[in-house]
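User: Hello! Could you walk me through this model, beginning with a pair of strands and moving on to the pockets?

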Amino acid sequence: VLSSHRHIQDPASQRLTWNKPPKSVLVIKKIQDASLLQPFKDLCIYLTEVNNMLVYVEKKILEDPAIMNDESFASVKKRFCTFSEDYDDISDQIDFIICLGGDGTLLYASSLFPRSVPPVMAFHLGSLGFLTPFNFENFQSQVTQVIEGNAALVLRSRLKVKVIKEHWEKKAVIQNGIEENGVVSSGLEKEMFKQATQYLVLNEVVVDRGPSSYLSNVDVFLDGHLITTVQGDGVIVSTPTGSTAYAAAAG
């Protein structure tokens, strides 16, 4: 019997512990949101000039005219390390991530890492904030606590999804071998190929009927065993994070 005064710790919650002091941080900002420009600049100035951190940002963020033409921000901008989505792999170069925006910004940050995701510090500066608990008003003290390892850590699982698409390609084949006149007779046949793409998702996976106007029949398997067949618009397979968001949105 557990005492009513004993605190039962969530097994998914831990304290943040650094093996060595963090040196690099990825700052993700919601694109095309003018209200986030000043918070972004204030945060980057604090990270580079006060904490001497190596700051990574996406190239498309710096293409914003409000950032490109700001001469007072030029010295900070020169110290950035930039990367492009789908072209540069920064998985092993980031110690932690800071997100400025809503839940969508955090989900986007998660999608940039094909393996494990570094610790994410998400400030609520967007429309939805189920996953963004930090308030930006006192960001300096909160960022300092994270850098010093004085922060709680919530572990979240992701789903590994493999999408296999079938497509047909034309292939030249010899139909009749060598004819009487010595000319090789060839033709075209279609051969099926399978292409697999893998994703890691934080919220959910949706399998739907697409543009079809008919209901779909989806067979759901677990470890190779058929669980059920669902008839409808589709099936949503959710993570604990995604199901919590659905419950919160439903009130």
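User: Happy to look at it with you; how many bridges join β11 to strand β12?

Analyst: First, a word on the basis: this is a predicted model, in which local features need pLDDT of at least 70 and side-chain atom pairs count only at pLDDT 80 or more, while totals for chains, interfaces and linings use all residues. Residues are numbered from 1 along each chain as its sequence is written, and side-chain values use heavy atoms, with hydrogens and water left out. Strands (E, at least two residues) and helices (H or I, at least four) are DSSP runs numbered from the N terminus, and two strands pair if DSSP finds at least two bridges between them. β11 and strand β12 (residues 225–232) run antiparallel, and the number of bridges joining them is seven.

User: Thanks! Which residue in β12 is the bridge partner of Leu222?

Analyst: The hairpin of β11 and β12 has two residues between the strands. In β12, Leu222 has as its bridge partner His225.

User: Is Asp223 buried or exposed?

Analyst: Asp223 sits in the loop between β11 and β12. Most residues other than glycine have a negative phi, yet Asp223, which is not a glycine, has a positive phi of about 55°. On the scale used here, buried means under 20% relative accessible area, exposed over 50% and partly exposed in between (1.4 Å probe, protein chains only). Because its relative accessibility is 72%, Asp223 counts as exposed.

User: Where is Asn52, and what is its relative accessible area?

Analyst: Asn52 also is not a glycine and has a positive phi of about 55°. Its place is in the loop between α1 (37–50) and β3. Asn52 is exposed, with a relative accessible area of 56%.

User: What is the order of the strands in the open sheet of five strands?

Analyst: The pairing in this open sheet is parallel. Its edge strands are β4 (81–83) and β6, each of which pairs on one side only. Neighbouring strands are turned by 25° against each other on average, direction ignored, where axes are lines fitted to C-alpha atoms, for helices over the stretch in contact, and angles run from 0 to 180 degrees between N-to-C directions. The order of the five strands is β4-β3-β2-β5-β6.

User: Lovely. Which residue in β4 stands opposite Val57?

Analyst: Strand β3 (residues 54–58) pairs with β4 in the parallel sense over three bridges. Opposite Val57, the residue in β4 is Thr82.

User: Now for the empty space: what is the volume of the largest pocket?

Analyst: Rolling a probe the size of a water molecule over the atoms shows where empty space is left. On a 1 Å grid over the protein atoms alone, a pocket is an open set of points with protein on both sides within 12 Å along at least five of seven lines, whereas a cavity is a set where a 1.4 Å probe fits but cannot get out; lining residues have an atom within 4 Å of a point. Grid points are joined across faces, edges and corners, and a volume is the space filled by probe spheres set on the points. For the largest pocket, that volume is about 740 Å³.

User: Which residues lie nearest the centre of the largest pocket?

Analyst: The elements giving two or more residues to its lining are β5 (96–101), α5 (103–111), β6 (120–124) and β7 (152–154). By class, the lining has 23 nonpolar, three polar and three charged residues, with Ala, Val, Leu, Ile, Met, Phe, Trp, Tyr, Cys and Pro counted as nonpolar, Asp, Glu, Lys and Arg as charged, and the others, Gly among them, as polar. Out of 29 lining residues, those nearest the centre are Pro119, Val120, Leu153, Val154 and Arg156.

User: How many charged residues are in the lining of the second largest pocket?

Analyst: The second largest pocket holds about 380 Å³ of space. Its lining draws two or more residues from each of β8 (159–178), β10 (204–208), β11 (216–222) and β13 (234–238). The lining residues divide into nine nonpolar, no polar and, as for charged, three.

User: One last thing: how many disulfides does a search of the whole structure find?

Analyst: A disulfide is a pair of cysteine sulfur atoms within 2.5 Å. Cys44 counts as buried at 0% relative accessibility, while Cys81 counts as partly exposed at 22%. Across the whole structure, the number of disulfides found is zero.
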